[in-house]
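Open the model in your viewer and keep the sequence panel beside it. This tour tells you what to select at each stop and what is there.

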Amino acid sequence: MTIPSGEHFLPARRALADDVYDAVLGLLMDQVIEPGSRASIDGIARQLNVSPTPVREALARLESEGLVVKKALKGYTAAPLLDSEGLRQLFEMRRLLEPYATRNAAGELDAETLQQLEDLCEAMHRSGQAAQTGEDRFKDYKDFANQDAEFHRLIAEHSGNALLADAIGRLRSHMHQYRIYFKHGVVDETAGEHEAVLKALRSGDPASAEKAMLDHIAKSYARISASLDGAE
């Protein structure tokens with residue numbers, strides 16, 4: 001593993017675990033640490049000029065998010081990218097869980113949460129457009145990815161079922177899908193579909209909210225699977 005030096009990879013405040021986490025996540029998402037390859041704690045620490053402790057903490061956090069895998073006596077490796085079958089299974093789980101959670105959340109969202117969702121929709125339009133002018137690196141599209149994840153997290157959090165919300169949160173770990181999105185320039189549709197979900201949630205109609213989320217997930221799967229096929 002050879003990690004190029006430079007501002008993109010170095011945490012801004014090296015003593016903070018969150019900054020080291022962001023730096024290691026960037027290395028994974030940009031495939032500087034290639035899928036399936038070893039993520040050496042000592043090697044990453046040397047390249048980032050930090051102690052091994054925050055790197056170890058970052059990798060443990062990334063393991064819980066499914067982006068690295070820890071094996072006994074072998075340490076951490078970067079998780080493999082989803083293939084077509086893995087993508088199908090991921091979206092099958094999303095179709096089962098998220099429309100139901102959205103149905104439950106309808107009528108349970110207060111004005112503050114609805115405003116947060118609206119703000120996220122607007123922010124996604126801006127960050128999606130900005131990302132199209134970038135260099136296809138994680139720093140260019142991570143705002144959009146984080147906003148998308150937060151939109152879904154907020155809805156799941158108000159489903160009235162903490163275990164359901166946790167399960168949905170874990171499905172968001174496959175962040176590599178966003179790279180395919182931006183490589184093929186298909187982001188505006190996502191923000192628009194979020195607005196349709198928000199409109200249904202504002203109406204307080206559970207059936208409409210469920211349908212809007214199901215439609216969004218079905219269209220997302222169609223887009224990203226087509227993009228994946230085009231990348232192969």
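**Whole chain.** Start with a cartoon view of the whole chain, which has ten helices and three strands. Keep in mind that this is a predicted model. Follow the cartoon from the N terminus and the elements come in the order α-β-α-α-β-β-α-α-α-α-α-α-α. The chain has 232 residues, and 45% of them are buried. Among contacts with a separation of 6 or more, 76% are between residues 24 or more positions apart.

**The sheet.** Select residues 38–39, 68–71 and 75–78, which are β1 and β2 and β3. Together the three strands make an open sheet in the order β1-β3-β2, and the pairing is antiparallel. β1 and β2 stand at the edges with a single partner strand each, so one side of each has no neighbour in the sheet. Strands of a sheet pair through backbone hydrogen bonds, so show the backbone atoms here.

Look at the β1 side of β3. Two bridges join these antiparallel strands. R38 has T77 as its bridge partner, and A39 has Y76.

Now move to the β2 side, where four bridges join β2 to β3. The bridge partner of V68 in β3 is A78. Select the turn as well: β2 and β3 form a hairpin with three residues between them. L73, in that turn, has a positive phi of about 70°.

**A ring and a charge.** Select R61 and Y21 and show their side chains. The charged end of R61 sits over the ring of Y21, 3.6 Å from the ring centre.

**An aromatic pair.** Next, select F91 and Y221. How far apart are the centres of these two rings, and at what angle are their planes? The centres are 5.4 Å apart and the planes are at 45°, so the pair is tilted. The pair links distant parts of the chain, since F91 is in helix α4 (residues 84–105) and Y221 is in helix α10 (residues 206–231), 130 residues apart.

Turn on the surface for these two residues. Is F91 buried or exposed? F91 has 0% relative accessibility, so F91 counts as buried. Y221, at 22% relative accessibility, counts as partly exposed. Add R95 to the selection: its charged end sits over the ring of Y221, 5.8 Å from the ring centre.

**Helix α9.** Select residues 188–203, which form helix α9. This helix has 16 residues and reaches 23 Å from its first C-alpha to its last, close to the 22 Å expected at 1.5 Å a residue. Colour its buried residues: T190, A191, E193, H194, V197, L198, A200 and L201. As you compare their positions, recall that an α-helix has 3.6 residues a turn, so residues three or four places apart point the same way. After α9 comes G204, whose phi is positive, near 75°.

**From α9 to α10.** Keep α9 on screen and select R223, which is in helix α10. Which residue of the chain has a side chain joined to that of R223 by a polar contact of 2.7 Å? The residue is E193, one of the buried residues of α9. R223 has 13% relative accessibility, so R223 counts as buried too. For a second check on this region, pick the C-alpha atoms of R223 and T190: the two residues are 33 apart in sequence and 9.8 Å apart in space.

**Last stop: S127.** Select S127 in helix α5 (residues 111–131). Its relative accessibility is 12%, so S127 counts as buried. Show the side chain and look for its polar partners. The side chain of Q147 makes a polar contact with the side chain of S127, at 2.6 Å. The backbone oxygen of M124 also lies 3.5 Å from a polar atom of the S127 side chain. To finish, leave aside the neighbours within four places in sequence and select what is in contact with S127: D143, F144 and Q147.

Definitions and conventions
Residues numbered from 1 in each chain as written. Predicted model: local features only at pLDDT ≥ 70, side-chain atom pairs only at ≥ 80, totals over all residues. Heavy atoms only, no water. Expected span 1.5 Å × (residues − 1). Buried < 20%, exposed > 50% of the residue type's maximum accessible area, 1.4 Å probe, protein only. Pairing = 2+ DSSP bridges. Phe/Tyr/Trp six-rings, centres within 6.5 Å; stacked < 30°, edge-to-face > 60°. Lys NZ or Arg CZ within 6 Å of the ring centre and 35° of its normal. Polar contact = N/O pair within 3.5 Å; in protein donor to acceptor, adjacent residues only side chain to side chain. Contact = heavy atoms within 4.5 Å.
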